[in-house]
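This report covers one protein chain. It goes through the cores, a helix face, the charged pairs, the cysteines and the aromatic rings.

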Amino acid sequence: MKSGFSVKKKSKRQSNAQKSKFTQNNDIEYSSVQKAISILLSFIPDNKPVGNLELSKALGLNKSTVSRLTHVLAHYELMRQDEKTLKYQLGRTSALLGMSVELSQTEQLVQLGQPYVDSLRDTVGESVCLEALQPDGNVRLLCGAVGPPPLSVTFPDSIPMHVAAGAKAILAFSDTEFTDSMINGDFIRLTENTITDSHVFKAQLEQIKHQGVAYDHGEANAYVHTASVPVFNHQKKPVAALSICVPANRVHKITDSNNLDVLKKTALTISGRLFYEVPKK
């Protein structure tokens, strides 16, 4: 009996010891992961070359620990080391991870944006859409929610950028080089309100950037008016535009301050889903 009891007691002690060791190892691994992540994050936003000693001082980590972790990170190409300076930068795998995020965001914009488009439509009682600017200069519908009858605006699959409030919102907040590359000469007139002069169009973009809202006052369709604001990604680049579209007899609804506030807040919420951070003032 004593022998049996003794064996059981010993087994329990061994179990506790093993459990303690397992917990301790988990703590060590977790700590190492945290340190490795802190090293990677230290290269944001400019990815400047840094050596192990500089990393050690900046992060308050032991130099041997930093050396071990940068070696592992370089092995998986999350970092790369310059053969001459021996300094590190983010590597190919880090770049691929960033590209994957961008691609998934573009692919998921339709699914991600639809609930917000539906909610905004229900709030303002008008048609709402999310659209993106294509390389060919047309604006493509990503998702939409048609407003209640009797007069409701419906959406074409695509329209030229010079008559689309969404395109204006995107171009106004894009870098100058991209905007200039998209504007090649004057434009075709679709209605009496269409802006055909590229210089006038560019001047309007400056005004839009200042006021934060783009308008299409019957430029694509004389009976439809639109207000649009940009949606930004994690790089603070406009990747889409959120729009409220109304019949001409209800144009006052897209200049109403309350509707514009909810439009901007909804666009900012969608931007947040794309990891956008509001710039600090």
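## Nonpolar cores

A nonpolar core is a set of buried Ala, Val, Leu, Ile, Met, Phe, Trp, Tyr and Cys residues joined through side-chain atoms within 4.5 Å. The model examined here is predicted. Its largest nonpolar core has 26 residues. Leu-130, Val-231, Leu-242, Ile-244 and Leu-263 touch the most other members of that core. Several elements give two or more residues to it: H4, E3, strand E4 (138-145), strand E7 (224-232), E8 and H8. H4 gives the most, with five residues.

A second core is separate from this one and holds 18 residues. Ala-167, Ala-172, Ile-195 and Ala-214 are among them.

## Two residues and their contacts

What does Val-231 touch, not counting residues up to four places away in sequence? Its partners include Leu-130 and Leu-242. The stretch Lys-237, Pro-238, Val-239, Ala-240 and Ala-241 is also on the list. So are Ala-267, Ile-270, Ser-271 and Leu-274.

Thr-266 is found in helix H8. Its relative accessible area is 12%, and Thr-266 is buried. With neighbours within four places in sequence left aside, Thr-266 is in contact with Tyr-116, Leu-120 and Leu-242. Leu-242 is thus a contact of Thr-266 and a contact of Val-231.

## One face of helix H2

Helix H2 spans residues 52-59, and its buried residues are Asn-52, Leu-55 and Ser-56. Seen down the axis of H2, these buried residues fall within an arc of 100 degrees, so they line one face of the helix. In general, an α-helix has 3.6 residues a turn, so residues three or four places apart point the same way.

On the other side of H2, Lys-57 and Ala-58 are exposed. Gly-60 follows H2 and has a positive phi, near 70 degrees.

## Salt bridges

The structure has seven salt bridges. Which residues link up in a network of salt bridges? They are Glu-126, Arg-250 and Lys-253. Glu-126 and Arg-250 meet at 2.5 Å, N to O. Glu-126 lies in the loop between helix H4 (92-124) and strand E3 (127-133), and Arg-250 in the loop between strand E8 (238-247) and helix H8 (257-273), so the pair ties together parts that are 124 residues apart in sequence. Both Glu-126 and Arg-250 are buried.

Lys-253 bridges to Glu-126 as well, at 3.3 Å, N to O. Lys-253 sits in the loop between E8 and H8 and Glu-126 in the loop between H4 and E3, so this pair ties together parts that are 127 residues apart in sequence. Lys-253 is buried, as is Glu-126. A further salt bridge joins Asp-122 and Arg-121, with their closest N and O atoms 2.7 Å apart. Asp-122 is exposed, with a relative accessible area of 54%.

## Cysteines

How many disulfides are there? The count is zero. Cys-129 is in no disulfide, and its nearest cysteine sulfur, that of Cys-245, is 4.3 Å away. A disulfide needs the two cysteine sulfur atoms within 2.5 Å.

Cys-129 is buried, at 3% relative accessibility. Cys-245 is likewise in no disulfide, and the nearest cysteine sulfur to it is that of Cys-129. Cys-245 is buried too, with a relative accessible area of 5%.

## Aromatic rings

The whole structure has three aromatic pairs. In one of them, Phe-173 and Phe-232 are edge-to-face: 5.8 Å centre to centre, with 90 degrees between the planes. This pair links distant parts of the chain, 59 residues apart. Phe-173 lies in the loop between helix H5 (165-172) and helix H6 (176-182), while Phe-232 is in strand E7. Is Phe-173 buried or partly exposed? Phe-173 is partly exposed, at 24% relative accessible area. Phe-232 is buried, at 13%.

Phe-232 also pairs with Tyr-276. Here the rings are stacked: 5.2 Å centre to centre, with 20 degrees between the planes. Tyr-276 is in the segment after H8, and the pair links parts 44 residues apart. Both Phe-232 and Tyr-276 are buried. Ring pairs thus link Phe-173, Phe-232 and Tyr-276 into a cluster.

Terms used
Residues numbered from 1 in each chain as written. Predicted model: local features only at pLDDT ≥ 70, side-chain atom pairs only at ≥ 80, totals over all residues. Heavy atoms only, no water. Salt bridge = Lys/Arg side-chain N within 4 Å of Asp/Glu carboxyl O. Buried < 20%, exposed > 50% of the residue type's maximum accessible area, 1.4 Å probe, protein only. Helix = DSSP H or I, 4+ residues; strand = E, 2+ residues; numbered from the N terminus. Arc of directions from axis to C-beta. Contact = heavy atoms within 4.5 Å. Phe/Tyr/Trp six-rings, centres within 6.5 Å; stacked < 30°, edge-to-face > 60°.
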